[in-house]
Amino acid sequence: MHFDTRVAAGTISAVIGPSGAGKSTLLNIVAGFEKPDSGCVRIGGADVTGADPADRPVSMVFQENNLFSHLDVGTNVVLGIRPKLTTDPADREIVAAALDRVGLTGFEKRMPGTLSGGERQRVAIARALVRRKSVLLLDEPFAALGPRLRRDMLLLIRQLQVETGMTLLLVTHQPEEAVGIADTIIFLDKGMTVASGAASGFFDRGDIPGLADYLGHGGQ
């Protein structure tokens with residue numbers, strides 16, 4: 001795989017491409033879960049290629065929300081601040097504020113098993129928010145949700161990005177979602193960065209190899 005792209009700070013970029021194109025791998029390299037064989041990863045001008053995931057200004061939300069089923073919602077969110085679960089009174093205020101921002105005020109004592117899929121993903125987003133990192137990676141976090149809930153969650157993500165000024169990379173298989181939420185689109189194919197550009201008009205471009213096939217227009 002060979003990735004070569006830039007993402008402007010404080011923007012949302014949608015990462016699209018066929019299955020196996022390398023979308024999750026790209027996010028894992030940015031997060032530090034995978035190490036590149038060569039090249040570098042720079043965030044805010046700093047070379048973080050050799051940095052551990054915990055030492056990067058990055059949070060990540062997966063398709064599977066990765067909540068601990070035996071811990072209540074408040075404790076799951078606290079893990080974003082203190083992985084060893086040593087808390088102080090100020091933490092409760094931070095958790096309550098994060099849950100309020102994702103529309104889950106008063107859910108601190110609820111268990112993950114009592115929540116809907118959308119609510120669990122909101123908890124995962126709240127946990128990412130309390131980490132207060134400048135970059136948020138979202139790897140198809142709403143793939144298992146219905147169309148209406150997906151729209152609601154994408155609206156929430158856009159609102160949070162505006163409020164916090166975070167830089168977001170969102171992997172999605174839905175072109176309409178990419179256009180609806182992103183400032184720019186990054187198209188991957190066969191493990192390579194094929195093209196990137198403004199979301200507006202991106203899918204109408206005829207100069208991007210493989211894009212027509214990805215959209216299902218290859219036979220036209």
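In the predicted model, helix 4, spanning residues 117–130, lies across strand 4 and strand 5, and its direction makes an angle of about 175 degrees with strand 4. Helix 1 (residues 23–31) likewise lies across strand 4 and strand 5, as well as strand 1 (12–16), strand 6 (167–171) and strand 7. Relative to strand 5, which covers residues 135–139, helix 1 runs at about 155 degrees.

The strands crossed by these helices belong to an open sheet of six strands, arranged in the order 4-5-6-1-7-8 with mixed pairing. The edges of this sheet are formed by strand 4 (58–61) and strand 8 (192–198), each of which pairs on one side only. On average, and with direction ignored, neighbouring strands of the sheet are turned by 20 degrees against each other. Strand 7, comprising residues 184–189, runs antiparallel to strand 8, and six bridges join the two. Within this pairing, Asp189 has Met192 of strand 8 as its bridge partner.

Attention may next be given to the open space in the model. The largest pocket has a volume of about 1,100 Å³. Its lining consists of 31 residues, of which Thr5, Val30, Cys40, Val41 and Arg42 are the closest to the pocket centre. At least two lining residues are supplied by each of helix 1, strand 2 (42–43) and strand 6. Helix 1 provides the largest share of the lining, with three residues. By residue class, the lining of the largest pocket divides into 15 nonpolar, 10 polar and six charged residues. Helix 1 thus both lies across five strands, namely strands 1, 4, 5, 6 and 7, and contributes to the lining of the largest pocket.

Technical notes:
Residues are numbered from 1 along each chain as its sequence is written. This is a predicted model: local features need pLDDT of at least 70, side-chain atom pairs count only at pLDDT 80 or more; totals for chains, interfaces and linings use all residues. Side-chain values use heavy atoms; hydrogens and water are left out. Two strands pair if DSSP finds at least two bridges between them. Helices (H or I, at least four residues) and strands (E, at least two) are DSSP runs, numbered from the N terminus. Axes are lines fitted to C-alpha atoms, for helices over the stretch in contact, and angles run from 0 to 180 degrees between N-to-C directions. Contact means heavy atoms within 4.5 Å. On a 1 Å grid over the protein atoms alone, a cavity is a set of points where a 1.4 Å probe fits but cannot get out, and a pocket is an open set with protein on both sides within 12 Å along at least five of seven lines; lining residues have an atom within 4 Å of a point. Grid points are joined across faces, edges and corners, and a volume is the space filled by probe spheres set on the points. Ala, Val, Leu, Ile, Met, Phe, Trp, Tyr, Cys and Pro count as nonpolar, Asp, Glu, Lys and Arg as charged, and the others, Gly among them, as polar.
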